[in-house]
Amino acid sequence: MAATLLPTTKSPPPWLLLSSERLHPVYFSVQLPKFNNSNGPLCSTSKFRPPLAFPSSFSLNNVVDSNFEASTLREICDGHVPDHILRRAEEIGFVAPTDVQRQALPVLFSGRDCVLHAQTGSGKTLTYLLLIFSIINAQRSAVQALVVVPTRELGMQVTKVARMLAAKSAASELGQKSYVVMALLDGGLLRRHKNWLKADPPAILVATVGSLCQMVERQFLDLGSLNVLVIDEVDFMFSSSKQVSSLKKLLTSYSSFSNRQTIFASASIPQHRHFLHDCIQQKWTKNDVMHIHVNPMQPMPSCLLHRFVICDKNKKHQTFRSLLLTDEPQSAIIFVSEQSEKSKKAGNISPTTMMIDFLKTSYGGYSDIILLEEDMNYNLRASSLSEVRQGGGYLIVATDIVARGIDLPETTHIYNFDLPRTAIDYLHRAGRTGRKPFSKEKCVVNNLITSQERFVLQKFENELLFFCEELVV
């Protein structure tokens with residue numbers, strides 16, 4: 001039996017480790033051919049650590065020439081995506097392609113499996129949704145596309161965009177059948193979904209791993225007609241001990257499908273070449289899988305301004321209040337650490353509760369301060385997000401549950417009251433701002449640290465290639 005390369009709680013696979021965590025780094029460089037492409041290379045030319053052996057098909061022939069510069073999404077999608085979907089996209093405001101759409105869509109339309117590796121807010125969701133609409137048949141009553149997401153919040157967001165595209169355009173033809181999009185998410189009404197799946201299966205299913213497995217194991221869901229599988233935030237799911245086993249089963253069962261197309265997406269795929277190797281070895285993708293790495297030398301949007309304030313631990317709240325009064329943020333997310341199990345058992349107040357109590361008594365900038373954390377009821381989290389999207393300015397106190405995939409384009413400031421544990425977590429927290437497409441508006445990521453934590457932040461700067469300036473409050 002072949003040894004599995006999937007992660008375990010004890011020893012994650014090499015591609016989930018940052019360079020500083022590898023025990024025996026080995027470097028060599030590959031010089032890729034040059035392209036007349038102003039949007040950056042299709043594949044990274046940076047140094048990487050090889051696996052023991054690459055399959056012969058994993059070569060520079062995987063690079064696709066993209067000399068053609070399309071100025072609109074329609075130019076790229078014409079002849080692939082139905083015209084009424086393109087009209088609807090234009091009505092919503094999706095007209096000019098982002099870098100990842102310009103580079104990835106021609107590859108996806110050719111039928112190749114793909115790893116979409118691009119900045120937060122770069123348009124990966126729209127990229128794979130346009131592929132899905134180019135393949136599925138609205139007349140067919142079967143699940144033809146499956147998008148697997150790690151959290152309910154990301155699932156709600158993907159579902160919303162898919163339904164917006166699937167909605168009847170102003171110029172739609174009469175009698176045209178619309179695409180059905182269903183969300184099968186943790187905390188949802190699975191009993192109602194069971195009946196729906198049996199009576200009228202949706203063409204597109206967006207699901208969290210837990211809910212998906214429940215439906216498949218109880219034989220309420222048939223994936224025999226699946227043509228497209230998307231795994232969003234793939235690195236997060238592979239590093240989660242709760243999700244990786246079920247995800248492995250799904251990928252293994254899907255590998256037997258001859259007529260399949262698989263897309264993995266994330267802003268962060270450490271050791272991505274090892275990941276590609278694992279995908280081929282485990283048959284999660286076809287041998288000619290393509291890695292689309294947009295702007296590898298700039299993992300985060302250029303519109304972000306990173307700053308840090310050094311203060312004593314016992315003066316952190318007062319320093320933070322002074323920073324808020326100076327910044328006067330329009331809309332902000334404050335990240336605090338999650339409460340440990342030991343702290344919960346001791347009956348201590350959680351960091352989120354302490355922060356909200358402090359803000360309500362010491363900072364009058366906002367009448368409503370919103371909480372988003374993993375331990376909250378699913379419906380409460382959904383209600384909080386709905387309030388944010390309906391209102392104007394907001395102040396959100398959150399744990400890392402918010403850092404993956406949630407799209408709040410009006411966010412102008414991020415405050416790391418507690419530093420994240422890893423550089424990857426920093427990237428995703430920072431990626432909750434600077435999300436307005438094609439906007440040059442500067443957004444701010446502030447870090448409150450003690451002098452002892454300065455080296456941790458410097459490590460993040462080195463890993464993610466950004467500069468953080470010191471601020472005196």
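Which residues of strand 2 lie on one side, which lie on the other, and are they buried or exposed? We will answer that below, after a short look at the whole chain. Keep in mind that you are viewing a predicted model.

## The chain as a whole

The protein chain has 473 residues, and 55% of them count as buried. Its secondary structure comes to 16 helices and 14 strands. The chain exposes about 21700 Å², with carbon and sulfur atoms supplying 51% of that area.

How do contacts relate to the sequence? Take the contacts in the protein chain with a separation of 6 or more: 76% of them involve residues 24 or more positions apart.

## Strand 2, covered on both faces

Now back to the opening question. On one side of strand 2 you find Ala145, Val147 and Val149, and on the other Leu146 and Val148; all of these are buried. Strand 2 covers residues 145-149, and five of its five residues are buried. The odd-and-even pattern has a simple background: in a regular strand the side chains alternate between the two faces of the sheet.

Strand 2 also has partners to look for. Five bridges join it to strand 4 (residues 204-208), and the two run parallel. Here Ala145 stands opposite Ile204. Strand 2 is joined to strand 5 (residues 228-232) by four bridges, again in a parallel arrangement. In that pairing, Val147 faces Val230 as its opposite residue.

## Two nonpolar cores

The largest nonpolar core contains 49 residues, and Ile132 and Phe133 have the most contacts inside it. Helix 4 (residues 124-135) gives this core its largest share, seven residues. A second, separate core has 34 residues, including Leu223, Ile231, Leu251 and Ile280.

Phe133 is a good residue to click on. Not counting residues up to four places away in sequence, Phe133 touches Val81, Pro82, Ile85, Ala162, Leu165, Ala166, Tyr179 and Ile204. You have already met one of these, Ile204, as the residue opposite Ala145.

## A seven-stranded sheet

Further along the chain, seven strands form an open sheet with parallel pairing, in the order 10-11-9-12-13-8-14. Strand 10 (369-372) and strand 14 (468-470) are its edge strands, each pairing on one side only. On average, neighbouring strands in this sheet are turned by 20° against each other, direction ignored.

Within the sheet, strand 8 (residues 304-310) and strand 13 (residues 443-449) run parallel and are joined by seven bridges. One pair to find is Val309 with its bridge partner Leu448 in strand 13. Helix 11 (residues 316-327) lies across strand 8, strand 9 (331-335), strand 12 (413-416) and strand 13, running at about 160° to strand 13.

## Cysteines and a buried arginine

How many disulfides does the structure hold? The count is zero. Two cysteines worth locating are Cys77, which is buried with a relative accessible area of 0%, and Cys279, which is also buried at 0%.

Arg454 belongs to helix 16 (residues 454-464). Why does Arg454 count as buried? Its relative accessibility is 17%, and buried means under 20%, so Arg454 falls on the buried side of the cut-off. Leaving aside neighbours within four places in sequence, Arg454 is in contact with Phe308, Ile449, Glu461 and Cys468.

Note on methods:
Residues are numbered from 1 along each chain as its sequence is written. This is a predicted model: local features need pLDDT of at least 70, side-chain atom pairs count only at pLDDT 80 or more; totals for chains, interfaces and linings use all residues. Side-chain values use heavy atoms; hydrogens and water are left out. A nonpolar core is a set of buried Ala, Val, Leu, Ile, Met, Phe, Trp, Tyr and Cys residues joined through side-chain atoms within 4.5 Å. Buried means under 20% relative accessible area, exposed over 50%, partly exposed in between (1.4 Å probe, protein chains only). Contact means heavy atoms within 4.5 Å. Accessible areas come from the Shrake-Rupley method with a 1.4 Å probe; for residues, only the protein chains shown count as cover. A disulfide is a pair of cysteine sulfur atoms within 2.5 Å. Two strands pair if DSSP finds at least two bridges between them. Axes are lines fitted to C-alpha atoms, for helices over the stretch in contact, and angles run from 0 to 180 degrees between N-to-C directions.
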